[in-house]
Every structure is written in C-alpha cells, then in structure tokens.
Amino acid sequence: MGLSDAELDAVRAIERSDGADDDLEAFFAGAVRARPVREVRVEPFLIARHPLTVAQARHWLPEYEDSFAEWDSSTARFEDDLDDLLGALPFRLPSEAEWEYAARAGTTTLTFRGDGRPDEDQVLDDFADEERTAAAENAFGLAAMGSANEICADVWIPHFTDAPADARPRTGDGPRVVRGGGGDLYPWQGCDEWLLLLSATRDEAQDFTAVRPVAPVPTS
C-alpha cells in the first residue's frame with residue numbers, strides 16, 4: 001500500500017515524455033502523503049461494483065437531490081447529507097487500505113491498467129452504458145475506481161507512518177480521507193487530472209464525495 005519508488009519513476013517517465021500538462025513538482029513534493037509504502041493484511045470483504053448512483057441514493061434518502069448529476073445513473077455526490085446517508089445505509093465505508101486493495105486489484109502499477117498515463121476516456125460520468133462500464137472494470141470486477149471522489153472511513157493523516165497493518169481505519173477528529181476524483185473534473189482542463197486516477201493518490205475530504213459501500217462477507 002502506498003506510492004512506491006517504481007510508481008514515482010513511472011510518473012517521472014510520463015513527465016519526461018511530455019505526457020504531463022504542467023510541471024509535476026507539487027505532485028512529487030506531496031508524495032510523502034502516500035508513503036511510506038507498507039504491507040497490509042486485508043481480510044475478505046464485499047465492495048460495490050461502482051459508487052452509489054443518484055437512483056440508489058434515493059432508495060435510502062428519498063429527498064436526495066444532486067445538482068451535479070444529469071441522470072439517475074450518474075454517481076451521487078454527498079456533502080451535508082453524508083451523515084444522513086450513512087445513518088440510513090445498512091453498509092459501511094471502506095477503510096483506506098480496503099479501497100486501495102480494491103483499486104489495485106492485484107497490481108503494483110500506477111493504475112490497474114499499467115504505468116501509462118490514464119486518459120479521459122477512462123473516466124465514467126454515469127453507469128447507464130453497460131458496455132462502457134464493463135470496459136472500466138479492473139480484475140476484481142470493480143468499475144471506475146479513481147473516477148469519483150470516494151470517501152473512506154479513515155480520518156485524514158498526511159502519511160502512513162505507524163498506520164495499522166491489518167486494514168483497520170485510522171480514527172480521530174477531522175476530515176476523512178478521499179480517494180480518486182478524476183471524473184469530478186470532467187471534462188478535463190489540462191491540469192494533470194489523470195494523477196487523481198492513480199491507485200495510491202489520496203487527499204483529505206473538502207467538498208462533496210461519492211460513496212462506495214462495503215459489507216462483510218456472509219458467514220452462513
């Protein structure tokens with residue numbers, strides 16, 4: 001778990017080949033937020049194929065409205081109503097370790113597709129087109145990992161030093177961790193939004209977030 005030296009070298013290779021829109025000095029300076037790289041044991045769990053859609057959100061919050069969404073199949077974003085959703089939802093948020101494990105799907109590259117620069121075609125705006133959604137799945141059958149600004153159960157801490165090795169969320173006061181967000185800047189404006197699609201990219205929650213529910217594996 002975390003942003004490895006090999007992944008940093010892959011980003012440098014993209015920058016050297018003029019694949020970056022700007023100077024990536026800020027990205028490399030902020031890499032400490034996803035380090036040190038460490039081994040984490042993740043127990044089996046169930047996670048949604050994609051973040052909650054507007055239609056799914058209304059199942060749990062009938063009054064839910066989303067000014068960002070164009071279709072009921074679009075990803076639902078939550079802000080002031082996040083606590084209401086979590087109170088009504090019979091599922092939990094993923095820990096940050098679970099989210100990254102799910103995003104990587106057994107890979108150790110920048111994204112599950114490899115070390116190339118992700119492009120805008122990989123960003124899903126809605127889930128109505130099943131063929132397109134299926135094309136966005138990783139080896140675990142999960143679609144659009146990294147596209148939405150997905151919230152995790154962990155409180156934001158700007159490093160992995162002394163983080164638990166058993167995938168438990170880190171708790172405390174303050175904003176939670178978010179992962180992804182490449183689709184929240186769609187259409188891209190040429191400010192290296194592709195970095196948000198990387199499996200190891202992490203930040204603190206500031207505005208609206210998406211929710212990808214998690215549940216335990218049934219025991220009987």
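1. Let's begin with a charged pair: Glu100 and Arg179 are both buried. This comes from a predicted model, so please read each point below with that in mind. The two residues form a salt bridge, with their closest N and O atoms 2.7 Å apart. Because Glu100 sits in helix H5 and Arg179 in strand E3, the bridge ties together parts of the chain that are 79 residues apart in sequence.

2. Which residues share a network of salt bridges with this pair? Glu7, Glu96, Arg104 and Arg202 are linked with Glu100 and Arg179 in it. The structure holds 18 salt bridges, and two further examples come up below.

3. Now look at helix H5 itself, which spans residues 96–104. Eight of its nine residues are buried, so the helix is mostly covered. Among the buried ones are Trp99, Ala102 and Ala103, along with charged partners you have already met, Glu96, Glu100 and Arg104. What covers them includes helix H1 and the strands E1, E2, E3, E4 and E5. Just after H5, Ala105 takes a positive phi of about 50 degrees.

4. Another residue of H5, Glu98, meets Arg92 in a salt bridge of 2.9 Å, N to O. Are these two partners buried or partly exposed? Glu98 counts as buried because its relative accessibility is 8%, below the 20% cut-off. Arg92, at 36%, counts as partly exposed.

5. A salt bridge also joins Arg35 to Asp5, the closest N and O atoms being 2.9 Å apart. It links distant parts of the chain, 30 residues apart: Arg35 is in the loop between helix H2 and strand E1, and Asp5 is in helix H1. Arg35 is partly exposed, with a relative accessible area of 25%.

6. Next, the nonpolar side of the story. The largest nonpolar core has 18 residues, and those touching the most other members are Leu3, Val11, Leu24, Phe27, Trp194, Leu195 and Leu198. Helix H1 (residues 5–16) gives the most to this core, with four residues. Try clicking on Leu3: leaving aside neighbours within four places in sequence, its contacts include Leu8, Phe27, Ala34 and Ala200, as well as Arg35. A second, separate core of 16 residues includes Met1, Cys152, Trp156 and Phe160.

7. Finally, the cysteines. A disulfide is a covalent bond between the sulfur atoms of two cysteines. How many disulfides are there here? The count comes to zero, with a cut-off of 2.5 Å between the sulfur atoms. Cys152 is buried, at 0% relative accessibility, whereas Cys191, at 43%, is partly exposed.

How values were computed: Residues numbered from 1 in each chain as written. Predicted model: local features only at pLDDT ≥ 70, side-chain atom pairs only at ≥ 80, totals over all residues. Heavy atoms only, no water. Buried < 20%, exposed > 50% of the residue type's maximum accessible area, 1.4 Å probe, protein only. Core = buried A, V, L, I, M, F, W, Y, C linked by side-chain atoms within 4.5 Å. Helix = DSSP H or I, 4+ residues; strand = E, 2+ residues; numbered from the N terminus. Contact = heavy atoms within 4.5 Å. Salt bridge = Lys/Arg side-chain N within 4 Å of Asp/Glu carboxyl O.
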